[in-house]
Amino acid sequence: MTQETTTATRQDATNQRKVFIKTYGCQMNVYDSERMGEALAADGYQPTEVIEDADLILLNTCHIREKAAEKVYSALGRYRDLKTARAREGRETLIGVAGCVAQAEGEEILRRAPDVSVVIGPQTYHRLPEALRRAKTGERVVDTEYAVEDKFDYLPKKERGVRPKNVSAFLTVQEGCDKFCTFCVVPYTRGAEISRSRKQIVDEAKRLAENGVREITLLGQNVNAWHGEGPDGAEWGLGELLFDLASVDGIDRLRYTTSHPRDMDERLMAAHRELPELMPYLHLPVQAGSDRILKAMNRRHTAAEYLALIERIRAARPDIAMSGDFIVGFPGETEEDFQATLDLVEQVRYAQAFSFKYSPRPGTPGAELGDQVPEAEKADRLQRLQALLSRHQLEFAQSRIGMEMDILLEKPGRNPGQLVGRSPWLQSVVIDAGDTVVGDMVRVRITDASANSLAAVRLD
């Protein structure tokens, strides 16, 4: 799930240094940008939406999609011109690159972009303020070594009583991946699987709740691989952690993403069955429906095993909505292999899914494979797959018409007098605000549906 966002808040008329953070990629990068912003705030930086006012421009990058690095270099070219213009006015500008492209490219960024002062990886961004202090002396800093210390111990804690920008929030519980799918750069840019301690996670959840957050989404590159020591000294998995978080006062809803099929255990399924706070929505990527392609991808499960797992999950939570990821055109994929993917999609009937053409990532085993699928064939297959996925998504949305449900109001709607909330299945729901405000949980009946949003009327 990708997006491009700008992390910023309302400016204030002070002489503080200002930072503009541009975020590329997944929800974890959004979370990381927020934490970097907090670390910089503790060091005297104030966030700004106006890049021309920024004393520090920071790109938090993603390396998952095609040409990710070139996209970063293109942006750096534009920022170079801005830095030059500010210099004419006697204003200094530092430019930094963080995240997965920083991890993958390292010194190459300094070589290709002479105006960059700091390159910092996703495991070392807690050291960003120190790197910036070194950069202020003229040093060009690259810090992409995997940190020995736990970065979460070194980041500033959210102050109690400070209301967040949203009533829903992300909370990273796990980073890295040990699965080594042949198409994926995550093990090389984020490193091995590591889990935050239960205490860190619960403490952060409590601070979020005290500051007005009502819904938390747990994040991880492979979130259901989380494990840690419980208060009784026993080894816990994500299922036990969810039961623990469900008891935090003020947290009404829990979600988690992204999962791997091999780490869906019985305790996690029990959480779906027994916890009303855990929303009936699960993102569980399969990537392909052909066993031959799954083996080439090193997914270490078959299509039949995946389908059997879906059946067990739905037995635990019959109203659960499934979401998935798909790659078409992996090296060696035949029309027969692709048809197997379509067949799997027909059986699962995803409420939401994300699909992409395969593109080689330098340094991954997939990039070395021959038998590449022609681009025109990839495009044709992607179009056919997306048409099927879109049909199922619309059918799922339309099946909500007439249902009554609780929604958490998150933001103003597009039109005056509207508010937008989220259904239990992660769909946007638009209502007339009336006397309700952001943060309210309201009972509604769904009256209309499109593939991406629902319309509703209030019942209370």
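# Briefing: salt bridges, a parallel sheet, a helix and annotated cysteines

A search of the whole structure finds 41 salt bridges. The model is predicted. Three of the bridges are set out below, followed by a charged network, a sheet, a helix and a binding-site annotation.

**Salt bridges**

- Side chains of opposite charge can pair when their charged atoms come close.
- Arg134 and Glu139 form a salt bridge, with the closest N and O atoms 2.7 Å apart.
- Arg134 has 31% relative accessibility, so this residue counts as partly exposed. Glu139, at 33%, also counts as partly exposed.
- Glu395 and Arg349 meet through their side chains in a salt bridge, at 2.4 Å from N to O. This pair links distant parts of the chain, 46 residues apart. Glu395 lies in helix α14 (residues 375-398), while Arg349 sits in the loop between α13 (335-348) and β17 (352-357).
- Glu395 is partly exposed, with a relative accessible area of 32%. Arg349 is partly exposed too, at 37%.
- Asp406 forms a salt bridge with Arg443, and their closest N and O atoms are 3.4 Å apart. Here too the pair links distant parts of the chain, 37 residues apart. Asp406 belongs to strand β18 (residues 404-412) and Arg443 to strand β21 (residues 441-449).
- Asp406 counts as partly exposed at 34% relative accessibility. Arg443 is partly exposed, with a relative accessible area of 32%.
- One network joins Glu333, Glu335, Glu377, Asp380, Arg381 and Arg384 through salt bridges that share partners.

**Open parallel sheet**

- Strands of a sheet pair through backbone hydrogen bonds, either parallel or antiparallel.
- In this model, 3 strands form an open sheet with parallel pairing, in the order β15-β16-β17.
- β15 (281-283) and β17 stand at the edges. Each has a single partner strand, so one side of each is left without a neighbour in the sheet.
- From one strand to the next, the twist averages 10 degrees.
- β15 pairs with strand β16 (residues 321-328) in the parallel sense, over 3 bridges. Leu282 stands opposite Met322 in β16.

**Helix α8**

- Helix α8 covers residues 198-210, which is 13 residues. At 1.5 Å a residue, the helix should span 18 Å. Its end C-alpha atoms are 18 Å apart, so the expected and modelled spans agree.
- Buried residues in α8 are Gln200, Ile201, Val202, Glu204, Ala205, Arg207, Leu208 and Ala209. Charged residues are among them, including Glu204 and Arg207.
- Gly212, just after α8, takes a positive phi of about 105 degrees.

**Annotated cysteines**

- An unreviewed UniProt entry places the feature "binding site" at Cys177, Cys181 and Cys184.
- Cys177 is found in the loop between β9 (174-175) and α7 (186-189). Cys181 is placed in the loop between β9 and α7 as well.
- Cys177 has a relative accessible area of 11%, under the 20% limit, and is therefore buried. Cys181 counts as buried at 8% relative accessibility.
- Leaving aside neighbours within four places in sequence, Cys177 is in contact with Val186, Pro187, Gly191, Ala192, Glu193 and Asn222.
- With neighbours within four places again left aside, Cys181 is in contact with Met297, Asn298 and Arg299.

Definitions and conventions: Residues numbered from 1 in each chain as written. Predicted model: local features only at pLDDT ≥ 70, side-chain atom pairs only at ≥ 80, totals over all residues. Heavy atoms only, no water. Helix = DSSP H or I, 4+ residues; strand = E, 2+ residues; numbered from the N terminus. Expected span 1.5 Å × (residues − 1). Buried < 20%, exposed > 50% of the residue type's maximum accessible area, 1.4 Å probe, protein only. Salt bridge = Lys/Arg side-chain N within 4 Å of Asp/Glu carboxyl O. Pairing = 2+ DSSP bridges. Axes fitted to C-alpha atoms, helices over the stretch in contact; angles between N-to-C directions. UniProt positions renumbered as here; feature names shortened; annotations may be inferred. Contact = heavy atoms within 4.5 Å.
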